[in-house]
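Please open the model in your viewer and keep the selection tool at hand. We will go from stop to stop, and at each one I will say what to select and what to look for.

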Amino acid sequence: MRNLFVCLLVAVPLISGCCQPGVHQSGKVTQHGDFPCFGVADTDETRRTPPRLAGLTVEEMHIGQRGTLMWNLSFLGGRPVYLSPGQCIPYGDASRGSGSWLQKARALRPGAVYSYGLNSDIDSYYADGSSANRAYSGHFCLTHDSAGKITVHDIRWDEKAQRRHWEVCELAPDQEPTF
């Protein structure tokens with residue numbers, strides 16, 4: 001009986017710790033008119049406690065070079081902004097930001113690959129009431145459909161294929177990112 005108690009004492013913290021979400025998680029990009037709209041994945045955690053946003057950054061990616069900052073928005077210093085699954089921040093919409101740490105949105109274009117990051121906190125995550133940081137991120141691109149309208153593509157990691165499907169971005173093979 002004592003051995004069972006010792007095993008449980010060691011195993012329970014290990015098991016419970018393995019299932020906690022990590023700091024870095026996948027974001028979600030949807031279409032809002034001709035623009036991307038940035039949100040969080042629909043998980044137990046985000047449904048239970050919507051993340052409180054701190055900042056949003058969008059960069060155009062370049063192979064072998066630093067990215068180009070396309071848009072940067074801060075949510076610090078103003079009224080808190082919470083983002084539940086199904087909600088999103090449209091590209092270029094600074095109405096919910098605090099105005100500081102703000103880069104006005106530059107024009108996005110088909111044929112380019114972009115990365116984004118939403119930095120946030122999950123309020124009262126820990127027993128002492130402190131917050132846990134979460135970073136939701138991902139990649140997207142834009143293409144034109146047969147009618148010439150813009151289509152936004154959320155480029156997610158495909159676990160089965162062990163790669164991202166950049167081909168939907170209509171890039172030349174030598175332009176496809178390798179990460």
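A residue counts as buried when its relative accessible area is under 20%, as exposed when that area is over 50%, and as partly exposed in between. By that cut-off C141 is buried, because its relative accessibility is 0%. Please keep in mind throughout that this is a predicted model.

**Stop 1: the disulfide at C141**

With C141 selected, add C169. The two are joined by a disulfide, with 2.2 Å from S to S. C141 sits in strand β7 (residues 132–144) and C169 in the segment after β10 (163–164), so the link ties together parts that are 28 residues apart in sequence. Look along the S-S bond: the torsion is -90°, and the link of C141 and C169 is left-handed. C169 has a relative accessible area of 2%, so this cysteine is buried as well.

**Stop 2: H153, a neighbour of C141**

Now select H153, which you will find in strand β8 (residues 150–155). Which residues does H153 touch, leaving aside those up to four places away in sequence? They are H139, F140, C141, T143 and V168. Show the side chains of H153 and T143 together: these make a polar contact of 2.7 Å.

**Stop 3: the other disulfide**

How many disulfides does a search of the whole structure find? The search finds 2. For the one we have not visited, select C37 and C88, which are joined with 2.0 Å from S to S. This pair links distant parts of the chain, 51 residues apart: C37 is in strand β2 (residues 35–40), and C88 is in the loop between β4 and β5 (89–90). The torsion about the S-S bond of C37 and C88 is about 90°, so this disulfide is right-handed.

Is C37 buried or exposed? C37 is buried, because its relative accessibility is 0%. C88 is partly exposed, because its relative accessibility is 22%. Counting bonded cysteines along the protein chain, the disulfides follow the pattern 1-2, 3-4.

**Stop 4: R96, a contact of C88**

From C88, move to R96, in the loop between β5 and β6. Not counting residues up to four places away in sequence, R96 touches F75, V81, L83, C88 and I89. R96 has a relative accessibility of 35%, so this arginine counts as partly exposed. Try a distance label from R96 to P80: C-alpha to C-alpha they are 9.0 Å apart in space, and in sequence they are 16 residues apart.

**Stop 5: S74**

Next, select S74, in strand β4 (residues 65–74). Its relative accessible area is 2%, so S74 is buried. Follow the S74 side chain to the backbone nitrogen of L76, which it reaches at 3.1 Å.

**Stop 6: the nonpolar cores**

Select F38, L56, V58, W71, I89, L118 and F140 together. These residues have the most contacts inside the largest nonpolar core, which has 25 residues. Colouring by strand helps here, as the elements that give two or more residues to this core are β2, β3 (52–62), β4, β6 (113–122), β7 and β8. Which element gives the most to this core? It is β6, with 4 residues. Apart from this core lies another one, of 6 residues, including C141, I155, W166 and C169. That takes you back to the cysteine pair of the opening stop, C141 and C169.

**Stop 7: the aromatic rings**

To finish, show the rings. The count comes to 6 aromatic pairs. Start with F38 and F140, an edge-to-face pair with 5.6 Å centre to centre and 65° between the planes. F38 is in strand β2 and F140 in strand β7, 102 residues apart, and the pair links these distant parts of the chain. F38 is buried, because its relative accessible area is 0%, and F140 is buried because its value is 0%.

Keep F140 on screen and add Y116. Y116 and F140 form a tilted pair, with 6.3 Å centre to centre and 50° between the planes. Y116 is in strand β6 and F140 in strand β7, 24 residues apart. Both Y116 and F140 are buried. Lastly, add Y114 to your selection: F38, Y114, Y116 and F140 form one aromatic cluster.

Note on methods: Residues numbered from 1 in each chain as written. Predicted model: local features only at pLDDT ≥ 70, side-chain atom pairs only at ≥ 80, totals over all residues. Heavy atoms only, no water. Buried < 20%, exposed > 50% of the residue type's maximum accessible area, 1.4 Å probe, protein only. Polar contact = N/O pair within 3.5 Å; in protein donor to acceptor, adjacent residues only side chain to side chain. Contact = heavy atoms within 4.5 Å. Disulfide = S-S within 2.5 Å. Core = buried A, V, L, I, M, F, W, Y, C linked by side-chain atoms within 4.5 Å. Phe/Tyr/Trp six-rings, centres within 6.5 Å; stacked < 30°, edge-to-face > 60°.
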